[in-house]
Amino acid sequence: MIRSLLTALVLSISTAALAQDNPVVVMETSKGTIRIELWADKAPISVENFLRYTDNELYDGLIFHRVINGFMIQGGGFNADMVQLSTYEPIKNEASSNVPNNRGTLSMARTNVVDSATSQFFINLVDNDFLNHTDDTTRGFGYAVFGEVIEGMEVVDEIAGVATGRSGTYRDVPTEPVVIISARREI
């Protein structure tokens, strides 16, 4: 009995320690608050990169510039005038078949170049299996998942429902900007 209680206590402490290692970012948007747990244990490079932009307050004032209901919402790259953020260097793609692009997960956006992600991220609105890592080819590499919305998925869904149109060469841009007011680590 005492042994099983000690085992349960050790497991509880280990789980709490792991949870503490995964930072939480609170993103205030013009549609409401989104709390995101970052998975440092599964995608340390992507998490460090996201926190670099967060800690330097570079997401503040940017918008969700690409919104496709039934797919994903994307932000972290442009302000309301569609001026692109000057970014840090691209990071290594940490996509893994063990960390799928499921509803509510946060992933790094990138170009067709596997290791091209910088500041842009997206939140999956549905399970997007076709974005998962399947092999090491350019086509099969996938998109790195590095966190999950833990509160505010209703805000994400509200953003997904906004009217969109074209802005210059860009499609699926909200006709009324959805602004990231601030993104801060939760203390």
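**Group meeting: a cavity, a sheet and two helices**

Let's start inside. Ser46, Ile91, Lys92, Asn93, Glu94, Met108, Arg110, Val114, Ala117 and Ala144 line the largest cavity. Keep in mind that this is a predicted model.

What divides this lining? Five of its residues are nonpolar, two are polar and three are charged. The space inside is about 50 Å³. How many cavities of 30 Å³ or more does a search of the whole structure find? The search finds one.

Now the sheet. Eight strands make it up, and the sheet is open. Read the order with me: β3-β4-β6-β5-β7-β2-β1-β10. The pairing is antiparallel. Which strands are at the edges? They are β3, residues 62-68, and β10, residues 180-185. Each of these pairs on one side only. On average, neighbouring strands are turned by 30° against each other, direction ignored.

Look at one edge. β3 runs antiparallel to β4, residues 72-79, and five bridges join the two. Find Arg66 there: Gln74 in β4 stands opposite.

Next, the helices. Helix α2 covers residues 44-55. This helix lies across β1, β2, β5, β6, β7 and β10. Against β10, α2 runs at about 120°. Helix α3, residues 153-160, also packs on the sheet. The strands touched by α3 are β1, β2, β3, β4, β6 and β7. The direction of α3 makes about 115° with that of β2.

Now zoom in on one residue of the sheet. Val26 sits in strand β1. Is Val26 buried or exposed? Val26 has a relative accessible area of 19%, and the cut-off for buried is under 20%, so Val26 counts as buried. What is in contact with Val26, leaving aside neighbours within four places in sequence? One group is Thr33, Ile34 and Arg35. The others are Ser182, Ala183, Arg184 and Glu186. Glu37 is eleven residues from Val26 in sequence. In space, the two are 9.0 Å apart, C-alpha to C-alpha.

One more pair of strands to finish. β8 is residues 164-167, and β9 is residues 170-174. They pair in the antiparallel sense, over three bridges. Thr164 has Pro174 in β9 as its bridge partner. Together β8 and β9 form a hairpin, with two residues between them. Stop at Gly168 in that turn: its phi is positive, about 65°.

Terms used
Residues numbered from 1 in each chain as written. Predicted model: local features only at pLDDT ≥ 70, side-chain atom pairs only at ≥ 80, totals over all residues. Heavy atoms only, no water. 1 Å grid on protein atoms, 1.4 Å probe; cavity = no way out; pocket = protein on both sides within 12 Å on 5 of 7 lines; lining within 4 Å. Points joined across faces, edges and corners; volume = space filled by probe spheres on them. Nonpolar A, V, L, I, M, F, W, Y, C, P; charged D, E, K, R; others polar. Pairing = 2+ DSSP bridges. Helix = DSSP H or I, 4+ residues; strand = E, 2+ residues; numbered from the N terminus. Axes fitted to C-alpha atoms, helices over the stretch in contact; angles between N-to-C directions. Contact = heavy atoms within 4.5 Å. Buried < 20%, exposed > 50% of the residue type's maximum accessible area, 1.4 Å probe, protein only.
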